[in-house]
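Open the structure in your viewer and keep the sequence panel beside it. We will go from one selection to the next, with a short look at each stop.

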Amino acid sequence: MASRRFALMLNSLKTNWLRVRADWLLRHKQYAAAVAAYKLLLEAGGPSPYVFAMLGYCHSAFGEYTSAIEAYDRALTLKPDYAGVHAEFGTVLSQCNQFRTARESLERAFRIGLKPTPKVPYWQRELAFVCGRLGDWEAAAQNYKVAANAQPSADVMCNLAIALWHTNKTDDSIAAYLGALEIDPRHVASLYGLGYVYYVLGRYADAIEPLTKAAEVDSKHAAALLHLGLAYANVGDYTEALNYLKEAAMLRPEDANTADIIQEVKARLAGGGTAS
């Protein structure tokens, strides 16, 4: 009996040491070594939802998504209410374009209740992204709002603006783009998005400023240059329009539509359009 207790004690010490070492390797981003350590821990201590969860995280860290999915699935089989694993599992499924199951897993994580950690806003953004990919822009907007309130950033506000635009909340979309630009005045996606929204609304003069700034920040942003050229054409300044359209065409030489627009603008300029 004493020898059995001694053997159990030794095994407990071994598993504790293996866990400490595996966790240390994970914290120091030595993922391959951590995977080996966690596998030894499984051999020594038997199946554990925590260990399978950590294996999933390690595998996903260097893009081994199939192995990550298998490990997360094992963890959830052992502990179905493991909220953090549902969130990580959903994130990996999203990376594999399995958006419907990713949404289910992420939503379940939030229903179960996630511990307050710095990763919660990230998971909220991931859920918003997945909802958007599934075409549920209302849910995407709701989740981006929560993420923006928890951890504001230009990227989140820009994505919120896109989701709001898809739900036909035009004024709210513009406000979100402006909010993104308050955080980062050089945020290219928001500059372009704001200009694009103004352009689609027929507010061509308003579109020029954000589109110009987008092209200044990223001189190879073909879409910004194209819409900037179109905005100038719609306010009657065909010389400026032609300059930007030519730049867009150089970046997209295969785009026949831009070439046709250039010919139309040239014709208007020849017919007496406004010169800069």
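Start by selecting Lys29, which you will find in the loop that links α1 (2-27) and α2 (31-45). The model you are looking at is predicted. Show the backbone here and check the torsion: phi of Lys29 is near 60°, a positive value in a residue other than glycine. Most residues other than glycine have a negative phi. Now switch on the surface. Is Lys29 buried or exposed? Lys29 has a relative accessible area of 61%, and it counts as exposed because that value is over 50%.

Next, move along the chain to Asn97. This residue sits in the loop between α5 (83-95) and α6. Check the torsion again: for Asn97, phi is near 65°, a positive value in a residue that is not glycine. With the surface still on, look at how much of Asn97 is covered. Its relative accessible area is 55%, so Asn97 is exposed.

Now step into the helix that follows that loop. Select residues 99-112, which form helix α6, and pick out Ser105 within them. Which residues does Ser105 touch, leaving aside those up to four places away in sequence? They are His86, Phe89 and Gly90. Show these three as sticks together with Ser105 to see the contacts. Ser105 has a relative accessible area of 6%, and because this is under 20%, Ser105 is buried.

Time to zoom out. Colour the whole protein by secondary structure: you should find 15 helices and zero strands. Turn the model until its principal axes line up with your screen, and the C-alpha atoms fill a box of roughly 105 × 35 × 30 Å. The radius of gyration of the protein is 26 Å, whereas a compact globule of 276 residues would have one near 19 Å.

Colour by burial next. Of the 276 residues, 46% count as buried. For a view of the contacts, take those with a sequence separation of 6 or more: 46% of them join residues 24 or more positions apart.

Finish on the outside. The protein exposes about 14600 Å², and carbon and sulfur atoms supply 53% of that area. For a last selection, colour the charged side chains by sign. There are 28 positive and 28 negative charges, and their mean positions lie 13 Å apart.

Note on methods: Residues are numbered from 1 along each chain as its sequence is written. This is a predicted model: local features need pLDDT of at least 70, side-chain atom pairs count only at pLDDT 80 or more; totals for chains, interfaces and linings use all residues. Side-chain values use heavy atoms; hydrogens and water are left out. Helices (H or I, at least four residues) and strands (E, at least two) are DSSP runs, numbered from the N terminus. Buried means under 20% relative accessible area, exposed over 50%, partly exposed in between (1.4 Å probe, protein chains only). Contact means heavy atoms within 4.5 Å. The radius of gyration is taken over C-alpha atoms; the globule rule is 2.2 Å times the number of residues to the power 0.38. Accessible areas come from the Shrake-Rupley method with a 1.4 Å probe; for residues, only the protein chains shown count as cover. Lys and Arg count as positive and Asp and Glu as negative; His and the chain ends are not counted. The place of a charge is taken as NZ of Lys, CZ of Arg, CG of Asp or CD of Glu.
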